[in-house]
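Trainee: Could you take me slowly through one part of this model, the sheet and what lies against it?

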Amino acid sequence: MEREIDGRMLTIPQHVAIILDGNGRWAKKRMMPRNYGHAQGSKNVEKMCEEAWNLGIKYFTVYAFSTENWKRPENEVNALMKLLRNYLKDCIKRTDKNNMRVRVLGDKRGLSEDIRDAIVELETVSAKNTGLNFSIALNYGSRDEMVRAVRSLALDVKEGKLTPDKIDEACFSSYLDTKDIPDPDLLIRTSGEQRLSNFLLWQLAYTEFYFTDTLWPDFDRKALIEAIIQYNSRDRRYGGV
């Protein structure tokens, strides 16, 4: 889809995924604790969901908490879980107002029962909304996602629900957390880091990457438009043509 943005015609990526990075460094620069940075980063997610929808983006996926994040100091993990609880409650209230559909990616079994219950409620109440498709990756790791998918697929083969000759890329994709969600057109990582950190490894096979030094709490509409401009400058070729 093409839209005029700030005086120029741009092709808008249907699906933008973002690795949210730099909350701790943002807080440190302001002589504040890391948890303050995480809180500000959480607030920015809501702002950027609105900006993404206003720009014409249909799917918006953020990497909020990875399977590796459990290795962080206990007090930081506890603060992140508290922040997550509050975020999910607020998000439930906002979904109808914003007409936003929310999905949670990742292994929910690793989360506490009250958080799992909040996720079920959030996904249920927003399921019929027709606005932005917002996905949050929580307790998510792409390798873990693929292992879980293979286990489910193998069980279906064992139970006779699927024959090996029917297994292809589309079939495998249907076992992933992102089933029914198109692969990202554009991946953004903030804070200057240039690695995928075990995020959507299968889904990013043909995705354009954009890395910015901007720390996540400072990432705004202007920064998102710059990423889209860079996306438009790419010469997208397939099969070496």
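Mentor: What follows is a walk across the sheet, strand by strand. The model is predicted, so local features need pLDDT of at least 70 and side-chain atom pairs count only at pLDDT 80 or more, while totals for chains, interfaces and linings use all residues. Residues are numbered from 1 along each chain as its sequence is written, and side-chain values use heavy atoms, with hydrogens and water left out.

Helices (H or I, at least four residues) and strands (E, at least two) are DSSP runs numbered from the N terminus, and two strands pair if DSSP finds at least two bridges between them. In general, strands of a sheet pair through backbone hydrogen bonds, either parallel or antiparallel. Here six strands, in the order E5-E6-E4-E3-E7-E8, make an open sheet with parallel pairing. Strand E5 (101-105) and strand E8 (208-211) are at the edges and have a single partner strand each, so one side of each is left without a neighbour in the sheet. From one strand to the next, the twist averages 20°, where axes are lines fitted to C-alpha atoms (for helices over the stretch in contact) and angles run from 0 to 180 degrees between N-to-C directions.

At the E8 edge, strand E7 (residues 186-189) pairs with E8 in the parallel sense over four bridges, and Leu187 has Phe209 in E8 as its bridge partner. Turning to E5, helix H4 (residues 113-126) lies across both E5 and strand E6 (133-140) and runs at about 145° to E5, contact meaning heavy atoms within 4.5 Å.
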